[in-house]
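Q: I would like to learn how to read the features of a model like this one. Could you take me through it step by step?

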Amino acid sequence: VYEAGLCDERDRDKDWVKTNGHTPSIMDYARFNYVAQPEDGIAPDDLIPKVGPSDVFATKWGYTPLPDAKTPDAEKATLDEWAREQDAKPYLRFTTANSFGADPGEETEAVGDIDATAATALGLRNLRKVADMLIPATTRDGVSYEDLGEAYSRLVAQWRVEMGHVANVIGGVDSKELYGGQDGLRFTPVPKTRQSMAVQFLLQNALETPTFLINPDLLRRIEPSGVVSRLHRAQLSLLNAMLQPSRLDRMVEQGAMDPAAYTLVQYLADLREGIWHELRTPAKPIDIYRRNVQRAYLATIDNRLHGRVVPSDEVRALLKGELRAVDLQIRRALPSVADTATRRHLQDARDEIAAILDPRAMRTSPIPSRGAGPVDDDTIAASDGSSTTSDGYDFDNDPFLQAPDGCWVDLTVK
């Protein structure tokens, strides 16, 4: 995986893309250019992967003969000089050793990941266009709607993939492989502004209901029911990513080392205020999709506190504090809530918070399970393991959060 994707301007430049492709390397496994827009005039053949500038650079560095160098050590000065080209061109860099997935620029399936938030905003435009095209593109007289169902499932998965790129900006580090004698630092936390913008983007575009994925005319052709649970699982998957233990621990350390950092306290407060913003206007009903987002928030924190990975003392204290803050906000809002479903949801949320915080609550140790029958490893689908929610999402076996076991993984959300 190459460290940083191209900037969005070049990903949308038809001449650049024709010559260089839309990612630095074909080894980025970004199967299509989702940043490009119809008005960019990029030819369809240039929207799919091709050999990129990093591939050319690596081939030159690794295979160009140096006839004047009689030993491997004699080649070193020339090779080091060539390698310095990466200082001015980040898209030529390969993955930084020991970055452990902390760099948002080191991702597969990503286009324009040098600014994942801007790239995903453009990708979202295209997903909305694709959603409107699914029925005419997949239906034929006398043929079942199987292709429509498959295409819709992959549309939801692509939405989850692109939102995941933004999630990885939070608590992330910009990395650069350096050796002794080179200036600079190998790991630099992503600036506070970029992290905060990523959080707000996700709150507005992922945790608010993606209505373009809820088209009754389409859904009633492929299933009698299922969209509520499907979106719940997809948003659970995203919240699981946003609250990964390693991400939270990095943010604690970043805050301890840099007064200007985006701290975990700030992040959790922003997340709480965005997910529970309806509590500021309690007279308005909370619909089923937003109720499920709030349930997903509680379920994810429950898993962080009581799941397979034991949280650090700092993370545990801060997460418990967030639950208490939500409980207080709900208690204050309830007298003004008139809608029955909303009132019962909020009362239930208080019960859930009390159970999560109660050390006497009976719990079963998480045991990973893939469900009663065979389930594709690259699919988020219902599972009956004790590490799962009532909607079937398995925190411990999410294919969107696992290292891919192949080059072109087909992810779906059933």
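Q: How are H12 and H13 oriented to each other?
A: Start with the general idea: an axis is a line fitted to C-alpha atoms, for helices over the stretch in contact, and the angle between N-to-C directions runs from 0 to 180 degrees. Angles under 35 degrees count as roughly parallel, over 145 as roughly antiparallel, 65 to 115 as roughly perpendicular, and the rest as oblique. Here the axes of helix H12 (residues 264–275) and helix H13 (residues 288–306) come within 10 Å and cross at roughly 150°. H12 and H13 are therefore roughly antiparallel to each other. The helices themselves are DSSP runs (H or I, at least four residues), numbered from the N terminus.

Q: Before we go on, what kind of model is this, and how are its residues numbered?
A: This is a predicted model, in which local features need pLDDT of at least 70 and side-chain atom pairs count only at pLDDT 80 or more, while totals for chains, interfaces and linings use all residues. Residues are numbered from 1 along each chain as its sequence is written, and side-chain values use heavy atoms, with hydrogens and water left out.

Q: Which residues of H12 and H13 meet?
A: Contact means heavy atoms within 4.5 Å. On the H12 side you will find Leu-271, Arg-272, Gly-274 and Ile-275, and they meet Arg-290, Val-293, Gln-294 and Tyr-297 in H13. To sort them, count Ala, Val, Leu, Ile, Met, Phe, Trp, Tyr, Cys and Pro as nonpolar, Asp, Glu, Lys and Arg as charged, and the others, Gly among them, as polar. The contact of H12 with H13 then divides into four nonpolar, two polar and two charged residues.

Q: At what angle do H6 and H7 pack?
A: Helix H7 (residues 146–167) packs against H6 at an angle of about 175°, and the two axes are 10 Å apart. That makes H6 roughly antiparallel to H7. Residues of H6 in this contact include Leu-124, Leu-127 and Val-130, and those of H7 include Leu-155, Trp-159 and Met-163. By class, the residues of the contact divide into 14 nonpolar, six polar and two charged.

Q: How many aromatic pairs are there?
A: Rings of Phe, Tyr and Trp (its six-membered ring) pair if their centres lie within 6.5 Å; planes under 30 degrees apart count as stacked, over 60 as edge-to-face and the rest as tilted. By this rule there are four aromatic pairs. Take Trp-16 and Tyr-91: their ring centres are 6.3 Å apart and their planes stand at 80°, so the pair is edge-to-face. These partners are 75 residues apart, with Trp-16 in helix H2 (residues 14–20) and Tyr-91 in the loop between helix H5 (85–88) and helix H6 (116–138). Another pair, Tyr-262 and Tyr-267, has its ring centres 6.1 Å apart and its planes at 55°, so this one is tilted.

Q: Are these rings buried or exposed?
A: Buried means under 20% relative accessible area, exposed over 50%, and partly exposed in between (1.4 Å probe, protein chains only). Trp-16 is buried at 19%, and Tyr-91 is buried at 10%. In the tilted pair, Tyr-262 is buried at 2%, and Tyr-267 is buried at 0%.

Q: Which charged residue sits over the ring of Trp-16?
A: A charge sits over a ring if NZ of Lys or CZ of Arg is within 6 Å of the ring centre and within 35 degrees of the ring normal. For Trp-16 the residue is Arg-10, whose charged end lies 5.0 Å from the ring centre. Lys-60 likewise lies over the face of Trp-82, at 4.8 Å from the ring centre.

Q: What does Thr-300 touch?
A: Thr-300 is found in helix H13 and is buried, with a relative accessible area of 0%. Leaving aside neighbours within four places in sequence, Thr-300 is in contact with Leu-236, Leu-239, Asn-240, Leu-243 and Phe-395. Asn-292 is in H13 too; it is buried at 8% and touches Val-228 and His-232, again not counting residues up to four places away in sequence.

Q: Is Glu-146 buried or exposed?
A: Glu-146, in helix H7, is exposed, with a relative accessible area of 62%. The C-alpha atoms of Glu-146 and Ile-222 are separated by 7.4 Å, with their positions 76 residues apart along the chain.

Terms used. Helix = DSSP H or I, 4+ residues; strand = E, 2+ residues; numbered from the N terminus.
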